[in-house]
Amino acid sequence: KVAVFGTRNYDVDSLNSANGEGSDITFTFYEALLDDKTVALAGGHDAVCIFVNDRCNARILQKLHELGVKYVALRCAGFNNVDLKAAEELNIKVARVPAYSPEAVAEFTIGMIMTVVRKYHKAYNRVREGNFLLDGLLGINLHGKTIGIIGTGKIGLLTGKILSKGFGAKVIAYDPYPCNLAEEYGITYVDKLEDLLSTSDIISLHCPLMDSTKYIINDNTLSHTKPGVILINTSRGGLIDTYALIRALKSGHVSAVGLDVYERESGYFFADSSAKVIADDSFARLLSFYNVFMTGHQAFLTREALENIADTTIKNLRA
Ligand code: NAD
């Protein structure tokens, strides 16, 4: 018996279809995030199945334990929202979907880079108003630009490969655990993060959110970047100190930003959600900059990715 939190229609369809008729796994779908207010819904279930913005901290895990829940199945790759140490102490097993479609996120990242550098979003809005003037739409080529990839796991590596092999960009990367495929993909490692920051025209974040990477982009690291740098984040919002970014946008040091993820995005998934939390004014301030392009944690959302997520989630639950 599995309580599925944070459910959208496509979760219901893809999980039911992967589960198949007559399966011994039964799903109950809740269109609510797992948090202190909703955790009681997990009572009577063996497992909870959650996504990126469900909360699974030590307090909630303790409550799940008291309710008899033994498994947490993440429908995503990132696991920053689960306190793994607390889960281990409570003997709650946690599984994730490590590689459902790096292509989905890498391709979205390329689209986001193109949108930011060629201003598709502004052009679209203008043409809808019947305005075909081109002033303010001057872009840059990616060809020949230095693009820095922070984190060369499955997604960062593929993004770097497309930029290098497809666009002819000079792709450099920083990762404490370099991958031996990088050279073949046209990606060159730098030894220190500072070297990437100081030489990149565009920086794209692809490392996981962990204690060691929280606010990896902050006032200090931004001060090492080139004036006019462009920043892209399709990984996790907490990698960027949002207020430091706002300061850098205000000064003009950062010339454009593409964000699929945001530090305080909880609750946005449900149009009618009373859980909509904006803890401060950073969201409105970000959107007030004409050179910031934001989407709502959408990079994963392809048909193929959903199928893979559902298949692996069923396998994880069975295992
Ligand atoms: P992965 O585990 O394959 O790769 C992560 C890489 O980051 C690893 O190579 C690791 O060594 C590196 N890393 C760790 N600490 C680092 C540091 N301090 N500096 C630089 N690199 C560091 O993960 P992945 O599948 O490539 O996914 C990357 C992230 O993308 C996930 O953690 C997740 O947060 C995010 N993601 C977002 C979406 C979306 O819809 N926007 C979808 C899937 C994944």
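The legends below describe close-up views of a predicted model of a protein with its ligand.

**View A. The protein as a whole, with its helices and strands.** The protein in this predicted model contains eleven helices and twelve strands, and its C-alpha atoms fill a box of roughly 60 × 50 × 35 Å along the principal axes. A compact globule with 319 residues would have a radius of gyration near 20 Å, and the 21 Å found for the protein agrees with that.

**View B. The ligand in the largest pocket.** The pocket in which the ligand sits is the largest one. Around the ligand there are 24 residues, and those that come nearest are Lys154, Ile155, Asp175, Thr234 and Asp260. Sorted by kind, the shell around the ligand consists of twelve nonpolar, eight polar and four charged residues.

**View C. Contacts of the ligand with Asp175, Thr234 and Gly153.** In the side chain of Asp175, an N or O atom is 2.7 Å from an oxygen atom of the ligand. A nitrogen atom of the ligand lies 2.9 Å from a backbone N or O atom of Thr234, while a backbone N or O atom of Gly153 lies 3.4 Å from an oxygen atom of the ligand. Taken alone, the ligand would expose 870 Å², and the protein buries 88% of that area.

Methods
Residues numbered from 1 in each chain as written. Predicted model: local features only at pLDDT ≥ 70, side-chain atom pairs only at ≥ 80, totals over all residues. Heavy atoms only, no water. Near = heavy atom within 4 Å. Polar contact = N/O pair within 3.5 Å; in protein donor to acceptor, adjacent residues only side chain to side chain. Areas by Shrake-Rupley, 256 points an atom, 1.4 Å probe, with all protein chains shown as cover. 1 Å grid on protein atoms, 1.4 Å probe; cavity = no way out; pocket = protein on both sides within 12 Å on 5 of 7 lines; lining within 4 Å. Sits in = over half its atoms within 2 Å of the grid points. Nonpolar A, V, L, I, M, F, W, Y, C, P; charged D, E, K, R; others polar. Helix = DSSP H or I, 4+ residues; strand = E, 2+ residues; numbered from the N terminus. Rg over C-alpha atoms; globule rule 2.2 N^0.38 Å.
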